[in-house]
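Colleague: I should like to go through this structure with you and hear the grounds for each term. May we begin once it is displayed?

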Amino acid sequence: MQRSFHAIVIGAGAIGLACAAQLARAGSVLVLERHPRVALENSSRNSGVIHAGVHHPASFLKTRLCVRGRELLY
C-alpha cells in the first residue's frame with residue numbers, strides 16, 4: 001500500500017514537531033525520527049535560556065533574531 005503526504009518533516013525535536021503541527025493544518029504530515037522516542041537529542045538538553053543577543057555586534061543577523069525572538073516571547 002502506498003501513501004502520500006502533504007509534507008515530510010525529518011526530526012522529531014522541538015522544532016521538527018512545531019513545524020509538523022503547523023504543516024498538519026494544511027494536510028497530512030509524516031514525521032521521521034531516527035530515535036525510538038521524540039526529543040532525545042538537543043530538545044532533551046534545552047537549557048531554557050532566552051538568548052538576549054548581547055554576545056555579538058548589533059549588526060549581526062543572529063543578534064537581531066535573538067532580540068526579536070526575546071520580544072515576541074515576552
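Colleague: Why does E71 count as partly exposed?

Modeller: The relative accessibility of E71 is 46%. Buried means under 20% relative accessible area, exposed means over 50%, and partly exposed lies in between (1.4 Å probe, protein chains only). E71 at 46% therefore counts as partly exposed. Please note that this is a predicted model, in which local features need pLDDT of at least 70, side-chain atom pairs count only at pLDDT 80 or more, and totals for chains, interfaces and linings use all residues. Residues are numbered from 1 along each chain as its sequence is written, and side-chain values use heavy atoms, with hydrogens and water left out.

Colleague: What makes the meeting of the side chains of R68 and E71 a salt bridge?

Modeller: The N to O distance for R68 and E71 is 3.7 Å. A salt bridge requires a side-chain nitrogen of Lys or Arg within 4 Å of a carboxyl oxygen of Asp or Glu, so the pair R68 and E71 at 3.7 Å qualifies. In general, side chains of opposite charge can pair when their charged atoms come close. R68, at 45% relative accessibility, counts as partly exposed.

Colleague: Why are R68 and E71 separated by about one helical turn?

Modeller: R68 and E71 are three residues apart in helix α2, residues 61-73, which means a separation of about one helical turn. Helices are DSSP runs of H or I with at least four residues, strands are runs of E with at least two, and both are numbered from the N terminus.

Colleague: How many salt bridges does the count come to by this rule?

Modeller: The count comes to two. R34 and E41 also meet in a salt bridge, with 2.3 Å from N to O. R34 has a relative accessible area of 69% and is therefore exposed, whereas E41 has 31% and is partly exposed. E41 lies in the loop between β2 and α2. The C-alpha atoms of E41 and F60 are 28 Å apart in space, with their positions 19 residues apart in sequence.

Colleague: What is notable about phi of A39?

Modeller: Phi of A39 is near 60 degrees, a positive value in a residue other than glycine. A39 lies in the loop between β2 and α2, and at 27% relative accessibility A39 counts as partly exposed.

Colleague: How do you know that β1 and β2 are joined?

Modeller: Two strands pair if DSSP finds at least two bridges between them. Four bridges join β1 to β2, and the strands run parallel. V9 stands opposite V31 in β2, and I10 stands opposite L32 in β2. From β1 the chain crosses through helix α1 (residues 14-23) to β2, in a right-handed β-α-β crossover. The term right-handed applies if, with the strands pointing away from the viewer, the path from the first strand over the helix to the second runs clockwise. From the N terminus on, the elements run β-α-β-α.

Colleague: Which side chains along strand β1 point to one face and are buried?

Modeller: A7 and V9 do, while I8 and I10 point to the other face and are not buried.

Colleague: What makes the nonpolar surface patch of about 400 Å²?

Modeller: F5, I8, I10 and L32 make this patch. Patches are made of residues with over 30% relative accessible area and no salt bridge; like charges are joined within 9 Å, and nonpolar side chains (Val, Leu, Ile, Met, Phe, Trp, Tyr) within 5 Å. L32, at 39% relative accessibility, is partly exposed and is therefore over the 30% limit. L32 lies in strand β2, residues 29-32. Accessible areas come from the Shrake-Rupley method with a 1.4 Å probe, and for residues only the protein chains shown count as cover.

Colleague: How does the radius of gyration of the protein stand against that of a compact globule of 74 residues?

Modeller: The protein has 16 Å, but a compact globule of 74 residues would have a value near 11 Å. The radius is taken over C-alpha atoms, and the globule rule is 2.2 Å times the number of residues to the power 0.38. The C-alpha trace spans about 55 × 25 × 20 Å along its principal axes. Buried residues make up 12% of the 74 residues.
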